[in-house]
Amino acid sequence: MTPEVPGPVTVERVLSLSDVAGRAWDDVADPQDLFQSRAWLRALERTGEAPVMYLIARRPGHCRILGALPLYDSLPSRGDYLYWPELHFQDLLRAASPAGGRLGLLAGSRAGFGTRLVLDPTLTGPARAVVLRALRDAAGAVAAERGLPYTFFLFLDAAAWRDLAPVTGDGGRHRLAGVAQTELELPGTCFADYLATLPRNTRTSVRREAGRFAEVCAAETVPLREAVPAIAPMIGNVRARHGMAYSVDAVTGRLSAYASALGDTAALAVLCRVRGRVVGAGVLCRWHDRLYVTDFGRVDDEGPDPFVYFNAAIYEPIRHAYAMGLSKVVTGAGAELGKARRGSAVLPLVHVAWPATGEPGDDRAGAASAESRRKHWRDLRAAHPRYFHPVWDELL
């Protein structure tokens, strides 16, 4: 049994999960979290999008993992542009002016919104803090060796932030993300049960959106592997319209990683066709009792678009999840109000910057930016209170 406080903790640097016993990793990773899974991380290693190293915390002389931290390069060319710390900490970038525009390494997940920490679930609060401090300091040491002033945790969910807050400190080094996680618990056993939980006006709108879509579009769910060449350019189009430099090659690599990690029964694509032509697509990843909607793409022209987004990213995934007997659809980040109106919970995400030296720094740095972000979410919650979970209270 794990003691309440683990005592001394050593942190090992590992370059590949092939060097970590499968059972040891599975004992510490959350089995419900796709992005902590050994299968997922090993697939990223094969596609070149892997962490630069994993930090593995143990008690001296013990094989059981107490906690682990993947570390990634923070270059936007190596994955999703949103997982670029400099984008979210412009004030630190201006103050530091590092060579090459890089501030630090990225710690934690870079594959999906809602980063959760890899910690032994049997650890108590004080023990979790000991392990996280050891991992934090080890990550800072790696960043310092590379001449980088920070390590970053991006898109932490509320539970992960509660664990990290006593370890990283407060002040200007954390801030709410500009997007929130959205998740939809599936009631009952079919799409009609989902509709029944919506307010009457929303229910009418959903029926209209799904009906108009069905009049013009045909939806088909296929193995993602078969769809990658067709949908990667469409996902790149959507990202480009939002000002993100996201190459088709990067999209293709990421989708191929999904397909490799999960196989044809769990890595899927919803294809929306008008007269046989694919005009939109949603990417789905099934993991245990959850269905993740990880990407959306559409053609970049003026062709017919009868609610393709809501059908490809919400309604068709809901139908598929019911058919597979799943309990939750993770609808991802962005377009939060649109998803909330269709039944999703809106959950906060937090970014954290930790100086590699361990010094907390000037809490005033970035204070205006952090307060502006809080005001954004306070205003949205005031306008739409029923969409916001009480977990927002501790951050607003």
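A crossing of two helices is left-handed if the near helix is turned anticlockwise from the far one by less than a right angle, and right-handed if clockwise. The structure is a predicted model, in which local features need pLDDT of at least 70 and side-chain atom pairs count only at pLDDT 80 or more, while totals for chains, interfaces and linings use all residues. Residues are numbered from 1 along each chain as its sequence is written, and side-chain values use heavy atoms, with hydrogens and water left out.

**Exercise 1.** Describe how helix 9 and helix 10 pack, and state which residues meet.

Solution. Begin with the elements: helices (H or I, at least four residues) and strands (E, at least two) are DSSP runs, numbered from the N terminus, and here helix 9 covers residues 224–241 and helix 10 residues 248–262. Next take the geometry, with axes as lines fitted to C-alpha atoms, for helices over the stretch in contact, and angles running from 0 to 180 degrees between N-to-C directions; the two axes lie 9 Å apart at an angle of about 150°. Helix 9 and helix 10 are therefore roughly antiparallel, given that angles under 35 degrees count as roughly parallel, over 145 as roughly antiparallel, 65 to 115 as roughly perpendicular and the rest as oblique. The crossing of this pair is right-handed. Finally, look at the contact (heavy atoms within 4.5 Å), where residues including Val228, Ile231 and Ile235 of helix 9 meet residues of helix 10, among them Val251, Leu255 and Tyr258.

**Exercise 2.** Determine how helix 5 and helix 6 are oriented to each other.

Solution. The axes of helix 5 (residues 125–145) and helix 6 (residues 158–168) come within 9 Å and cross at roughly 65°, and the two helices are therefore roughly perpendicular. Helix 5 passes helix 6 in a right-handed crossing. On the helix 5 side the contact is made by Arg128, Ala129, Leu132, Arg133 and Arg136, and on the helix 6 side by Asp163, Leu164, Pro166 and Val167.

**Exercise 3.** Decide whether threonine 294 is buried or exposed, and place this residue in the fold.

Solution. Threonine 294 belongs to strand 12, residues 290–298. With a relative accessible area of 16%, threonine 294 is buried, a term that means under 20%, against over 50% for exposed and partly exposed in between (1.4 Å probe, protein chains only). Apart from neighbours within four places in sequence, threonine 294 is in contact with Tyr258, Val283 and Cys285. Tyr258 also appears on the helix 10 side of the contact in Exercise 1. Across the chain, buried residues make up 56% of the 396 residues.
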